[in-house]
Amino acid sequence: MGHYVLRRLVYAIPTMLAVLIISFLLMSSSPGDSIERRLDLDGLDSYLSRTNYIDAYRLKAAETHGLKPQFYLSVQPSFLSESINNLPTISLRRRAKSLCRETHQCETVVQIWELIGELILSVDRSKENAKLLASLLKLEQSQDLTTLQRRMTAVHPPPADDELQNDWMQLNAAVNKLTHEKKMFYPVLRWSNDNQFHHWLFGRSALFSRSLSDGRSVWDRVGTAVAWTLSMSTIALILIALLSLLMAYTQVKYEGRLIDTILSRFTYAFYAMPLFWLATLAVVFLTTSDYGSWTNWFPSVGIRPDFTGAGVGHRMLDNAGQLVLPIICLVVHEMAYLSRITKRDLLSSSTKVYITASRSRGLSENQVLRKHILPDGLLNYTTVITGAIPALFGGSIVIEVIFNIPGIGRLMLESIGAGDWPVIFAIILIISLTTIIGYLIGDILLMQLYPQTAERVGRHHRADAS
């Protein structure tokens, strides 16, 4: 048993590693500059004091390793020079890369951005030429050659006797040197041991970084949301496991009778109904008295605000009534699917040869169903019910948004809208771990109940799910 569990855990390592790598690369490649957003949370603005801002940016970049290569191995176009890494901010590097892609003159592009930066710092320190500073800041935002050349002609140049004149002449010559080029290039593989992913994986975890939305710890935001989702999902999973098995057992026992027909129609209707539509209908018809006083069965949607600073557990108890209808929607939708699958497996087991032999020995139909058909059908049921664990987390996104519950699903949707990638990454990591743990629990249960067929059935059902 221990060897089996260890082997399953070893198999999970490549999966988790793939999730970590893909999620991290998506997070690192997202639009915007995460270092700039962290400085905004600290109250630093790049237009107030350029000198202080650049110094603060370099310190924050050194702290977060944000200016290093993203991964161990990267593929870069041949025209891209490594000197682009000398630029002080991520946003400047992205604009420079865009211009390098257009002109294939990367060394000149880097020289242009460095000269613009030096001019901005010099003018910012002198506090004498506000028009020139505004023009240079606008010039720095250029992302293509046409815009760069047009904004260059609009810059108010420094006076001829100004000490900035030499840098200005070099900048003007470098911009005039750039031309549109359409040349062939080839990919270049570059290896870097000192990269962002390495420091993230072996240094600070995403759960202990800061949210880009409000500066709070990612763990504080995600931990509170997980508590809401986990409590709802645990209650829903227990009810789904019991009710789906009871419904399937009842349908098989009374196959072809009225109760079987009613339950079959019930499960078919709720299985075919999208979860978001079911939840919306429940909100419209079961939480208000607009359609009659008899329809106002449940409290209104949403969790009451907390002004006392109470813990999550106390808030859940205080809002228990608001969680009843969301749990019912989750249970009804998943139960309809699982009961149909379980009924199919039980009916398939009832046609096996040893079941017929049991009937021929004089066992009653109830005895055959309880002692032989049900244990055999539970083989597949165990795998299916553990597969419902990640499905509940997926369904919670819809439920939490519609019912305004501060769980992990609503937090993920809000974080996607705000571009808060540290929070998104932590949520993806938690969902991945939950999925792996759910399947591991299912494999362990199968190993205990049916050691000879556990591995075969587990592979079969996961292949069907994919």
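**Helix H12 and the residue that follows it**

In this predicted model, helix H12 has a buried set made up of Leu275, Leu278, Ala279, Ala282 and Val283. These residues lie on the same side of H12, because the arc they cover around the axis is only 135 degrees. A general rule helps in picturing this: an α-helix has 3.6 residues a turn, so residues three or four places apart point the same way. The length of H12 also fits expectation. Its 12 residues should span 16 Å at 1.5 Å a residue, and the C-alpha atoms at its ends are indeed 16 Å apart.

Next comes Thr287, which belongs to the loop between helix H12 (275-286) and helix H13 (312-318). Thr287 has a relative accessible area of 9%, so it counts as buried, the cut-off being under 20%. A polar atom of the Thr287 side chain lies 2.4 Å from the backbone oxygen of Val283, itself one of the buried residues of H12.

What does Thr287 touch beyond its neighbours within four places in sequence? Its contacts are Ala282, Thr295, Asn296, Phe298, Pro299, Ser300 and Leu325. Of these, Ala282 is another buried residue of H12. Pro299 is 12 residues away from Thr287 along the chain, yet the C-alpha atoms of the two are separated by 5.8 Å.

A word on confidence completes the picture. The chain has a mean pLDDT of 80, with 87% of its residues at 70 or more. Among its elements, helix H7 (residues 145-154) has the highest mean pLDDT, 91, and helix H19 (residues 454-465) the lowest, 49. Where pLDDT is low, the predicted coordinates should not be read in detail.

How values were computed
Residues numbered from 1 in each chain as written. Heavy atoms only, no water. Helix = DSSP H or I, 4+ residues; strand = E, 2+ residues; numbered from the N terminus. Buried < 20%, exposed > 50% of the residue type's maximum accessible area, 1.4 Å probe, protein only. Contact = heavy atoms within 4.5 Å. Polar contact = N/O pair within 3.5 Å; in protein donor to acceptor, adjacent residues only side chain to side chain. Expected span 1.5 Å × (residues − 1). Arc of directions from axis to C-beta. pLDDT = per-residue confidence, 0-100.
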